[in-house]
Structures are given as structure tokens and as C-alpha cells.
Amino acid sequence: MQSDGRGGRARGHRRVNGETVFPAGRGTTATTMRSAGVGTVDLDMAGDEVRIAGWVHRRRDLGGLVFLDVRDRSGVLQASAGPDWSTGAAMEAVRGVGVEDVVAIRGVVTPRPEDARNPDMATGDVEVQVAELEVLNKARTPAIPVYRAPEDELPSEKLRLRHRVLDLRRRELQARLELRHRLVLAVRNYFHSQGFYEIETPILTKPTPEGARDFLVPSRVHPGEFFALPQSPQIYKQLLMIAGFDRYVQIARCFRDEDLRADRQPEFTQIDVEASFVQPEDIYAWCEGLMARVAEVAGIEAPTPFERLTYHDAMDRFGSDRPDLRYGLEIHDFSEVLGALDFRILRGAVARGGRVRGLRLEGGARLTRRQIDAIEQAAKAAGAPGLLWAKVQEDRATGPLGRFFRDDTRALLGLAPGDLLLAAAGPDRMTSPALDAARTASIAALDLPRVTEHAWLWVTGFPLYEDGGGGTLAANHHPFVQPDPRDAHLLESDPLSVRGLAYDLVYNGTELGSGSIRPHDAALQTRILALLGLDPDEIETKFGFLLEALRSGAPPHGGIALGVDRLAARFSGAASLRDVIAFPKTTAARALFEGAPVSVPAAELAALGISVGGGE
């Protein structure tokens, strides 16, 4: 084990009450008010007098003896007051404290009796016998409890976000934020070792179409004009490559005004990377090296090289461009067999150019009708009109689809007695997301075993464009993706079939990052923008500064952006990004602790040239 330099020992992560808890960074914990952090006190310090300071986590008065659990960032330590070692003044002071009071204690480190040791506490082998206690600040009764017994439920998330300062005192959240710190530190050290410069880019920037709405900032000195908060540093990092900086990295704050969910926040942090004279293989190598480094910090596995799937194969086999490969269940094309049955829905779907695809669930016939209905509801929520299913028995098949089976259908589909077949018919754009949802629901319903605990994946070859509706095109990733040279000749004639040199990094079904090689030729970049429906004046207004830079001599370049919030959440086992962000927004985009957003007085708005209209 590594020493923290003051007798405390750094300990690895462990499980407490079902949570993965990582040790707080210790370092030198001494200050003028304390000689050690409470989490650094251990048997090596037995007999030493120490000064500790922190919050009263809980108090237990046993009459003759009083026990305090004292907490700071580094952990929790038991302090005891008793007539044999504490003065009358110290006993009185200890009995007068309440939970969350801030205290300073002077005392002697003493081993606990064998039968009183606490294996669930990193400091559970020792206690501090109180010689002196000073109350540094009294706390009023906390609105939500910080101390929580294993059987206690957490308060509602809304209440915890309203009282975020108290919630952040919980060890689980502090451990996650500490892990996040160590991950970011490892990122910086890794990229420094690879020759990257960390360079900051502007926060007040120019509105650009990147797939989400911008947060706009009015300019007081230029009435009627607005800055935008950056959705990403995309264009700036390209400009840095054109300027000759060759390798850039930034822990960048980004902002997107979009509807929220568990894996989205209006402001977020990304590891922003760009390099010159590169191809995708260079980005893969750097990122795999980075993931191996940060995975080691988090105590998980990241064996390299990572598996790769093309976008087409991922959608075909899993219905998703971020499949969870911890499970082996795959989607199969049953068009040839099921499309030949005397079933009008299936025949019609195939005749219209669609497919009949589905899942073959070994042992799935044990699922009840209610469980199958729940899987179907998941598919419907993802856009399918419904799912067809068949249960295979020893001598027959049942269900809406099974009754149409012929004598050889089960054998042709590879079904055995006890299996369940789920199928969806129609165009892939409808059946893929539906079968992805059905796959996820089936894995949960059958409690399928994992083939691996840590599934890393590159998804490559994304389409350059997607159908924007009404005969328009939309950028699949963003407008700054180099077309695959094999498809560049189709750019105007068949743009939806053009692949881009774009790639996503996926971990256990979560997209951790997205990147691409960029167009470094101004004429090609202009063609890509024009196909998105921008006329020459719009292109010049919105992107003229980028095109001018490209014309000055731009090297081939590319990069990636990796989500810090998602990385920390997945590595720490957090259910939501809000659990790895100190002051997150709610799903309604509100900051409950400080009460934001707020209305602004009319005089302040007038100074910015803004008026707010009332609703009808």
C-alpha cells in the first residue's frame, strides 16, 4: 500500500451498503487547525496525540461514555469521551453537540477492542479518545439526513437537489466526485505524455448549427446582437490545427439547450481532442491508451484493442449504434422463412422492401404473457406498431406468430422446445429501435448472463447524412465530417449512402465519445454545408471564418470528444449523471439549490435591448 506521507494508508475502492466507494484523495491533510484528516488515522498512529476537525456525523450517548462519529472529506472516525480520559469540560462539550455541528477535537489515537472494531469503516480499528472538543460552528437541524443506516431510504431526489450542500456531504457523492477528479487528472497526465497542449477556447462564441439549440447571451455594448455559449469547441480546435498546434486537448465546458434525461445536462464537460496529420487509427490508439489508463484508476478492465463494428453491422445485429455487448443476444433476419408464411402482415412488409427481423430467446417460453406484453410495450414505445411472438413447445408452436408455423418452420429458424421468438416487420428505420428496446427488455426479463463485465466497442463508418424530413438532409454527427473516400463520388447523387470517417466509442451500451476526421479542403466543406440546405450567403455568414482558415493551408486533421460526466457515472456505477456533478440541473432544467433560472427586472433587460412578451 502507498503511504499518504503522514502515516495514513491509501486504500482501494470497496463495497459499502451495495455502493462502490472510492477513497478520498489524502495527500498532506494537515493544516494549522488539524494534524490529520480523520480518514488517515489508523493503527500506525496508536498512542499519538492528534488534532482532527470535521462534522459530527452521529452521536451516541451511553451514559458513562459518549461516542461521536466525526466526518471530513477523507472519511469517518470514531471519537469517544469518557471520565477516565476526558475532563468534565470535554464531557460537557461532547454531550452538547448535535449532528452536522463543526467541531475540532484534540485526543489520543487508541486501538479499539477486538469486539468493537468496525470492518465497514476504513478507520474502524481505532478511535480518538477526546481530551478537548471545541464547537467551531453550530448547525441547525438538517433538512435532510446526512447519516444514513443501510436500511434507510434516501429522501426524494427533488428534496436532495434543493438541499444539495447537505446531500454532497454523503460519502457516496463525495467518493464519486473524488473519482471524477482522479479520472480528469489521469486524462491530463496521459495527454501530456503524448505531446498534447491543453489550450482554452472561448465560452462567448458565435451561434452555429450543431444539432441542438444554442444558449444565447445578449451583448450590452452591441444592442440586438448575441453571443452563444459553445455546444462544443469544434471549430476552434480545427482552427488550432490550421494554426499549427498539431495536438490539442481541453477539459471543455459545453452547453446545449435541449430536453433533458438521465444522461443529459444543459451544461456538461468533455475531453476535447484534436490532432493533425492523422487518420482514424491514430485516434483509436490514443483513446484506447487513455481508456486503459483511466480504467486502471477506477479499478475496472479495458483490454485493448477494442472490438469494432461498422454502423451498418451494429444496427443490423443489435438495432442500435451503441449496443451493449455485455450480452450475446443478437437480432436475426427471418425474412426468408417468415416472409414465406401465409401471414399477410409479414408478406406485405417484405413485398414493400422491408424485412422481418427478431430475437431468438433460448428458454424464453417460460416468460408469462404479462412479461411478453411488457417487452412488446417497450418495442411500441420505440416506434413499432407491435411485436409478433411464438412460443415453441415439444410438439407445436403457440402465440400470434406460432399458429402460422409450418412443419419445418421451427427447424429453419433454429428454434428448440422452450424457446421464444420475437419478431417485428417493416423498414429497418422502424424495426431497429424497436428490436433494440425489445432486446434490452428481454435481457432483463430473462436475467440473461453476461459474456463480459466490460464491453468496449468502436462503432465506425457512420452515414454522413440522415433524412431530415420533407426532402431535406441533416448531418448525422455534425457538418464537419470527412466523407469516406470510397463514397465521395456519391455526395451529390446519393448523399444518404455516403459514409463518413466518423466513429463513436461505446462502453457497456453507453456512448462515451464521438469523433471524426474533418474536411480540410474549403471546397469540400462548402459542398457538405450546401447539401444541408444552406445557401452561399448563409455559409459565408455562419462559417466564413472557418472556410477562410481552411483556404490558408489546413493539414488533414481529426479528433474526438469524450464525455467526462458519462465516464465518471459509468465507472462509479452512478444511476444518473446528476450523481457525478456537484450542482446539476433537474430534468426540467432547473437549479433547485440556488433557485435558477429567475426572472430579471425590466430595467436590466432594457439595458440589453431585450423585452419579454407575455403569453396569450
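The protein holds 17 helices and 24 strands, where helices (H or I, at least four residues) and strands (E, at least two) are DSSP runs numbered from the N terminus. This is a predicted model, in which local features need pLDDT of at least 70 and side-chain atom pairs count only at pLDDT 80 or more, while totals for chains, interfaces and linings use all residues. Residues are numbered from 1 along each chain as its sequence is written, and side-chain values use heavy atoms, with hydrogens and water left out.

**Exercise 1**

Describe the closed barrel of 5 strands and the helix that packs on its sheet.

Solution. Begin with the strand order of the closed barrel, which runs β3-β4-β5-β7-β6 with mixed pairing; two strands pair if DSSP finds at least two bridges between them. Neighbouring strands of this sheet are turned by 55° against each other on average, with direction ignored. Axes here are lines fitted to C-alpha atoms, for helices over the stretch in contact, and angles run from 0 to 180 degrees between N-to-C directions. Next, add helix α1 (residues 88–95), which packs on the sheet and touches β3, β4, β5 (75–81) and β7 (126–137), contact meaning heavy atoms within 4.5 Å. The direction of helix α1 makes about 70° with that of β7. Finally, look at one pair in detail: strand β3 (residues 49–61) and strand β4 (residues 66–72) run antiparallel and are joined by 6 bridges, and R59 stands opposite L68 in β4.

**Exercise 2**

Determine how strand β18 (residues 420–426) is covered and which strands it pairs with.

Solution. First, count the covered positions: 7 of the 7 residues of β18 are buried, where buried means under 20% relative accessible area, exposed over 50% and partly exposed in between (1.4 Å probe, protein chains only). Then separate the two faces, of which one carries the buried residues L420, L422, A424 and G426 and the other carries L421, A423 and A425, also buried. Turning to the partners, strand β15 (residues 355–361) pairs with β18 in the antiparallel sense over 7 bridges, and V356 has A425 of β18 as its bridge partner. Strand β16 (residues 388–392) also runs antiparallel to β18, joined by 4 bridges, with L388 opposite A423.

**Exercise 3**

Summarise the protein as a whole by its box, its buried share and its contacts.

Solution. Start from the box that the C-alpha atoms fill, roughly 90 × 75 × 60 Å along the principal axes. Of the 616 residues, 48% are buried. As a last step, take the contacts between residues at least 6 apart in sequence, among which 68% join residues at least 24 apart.
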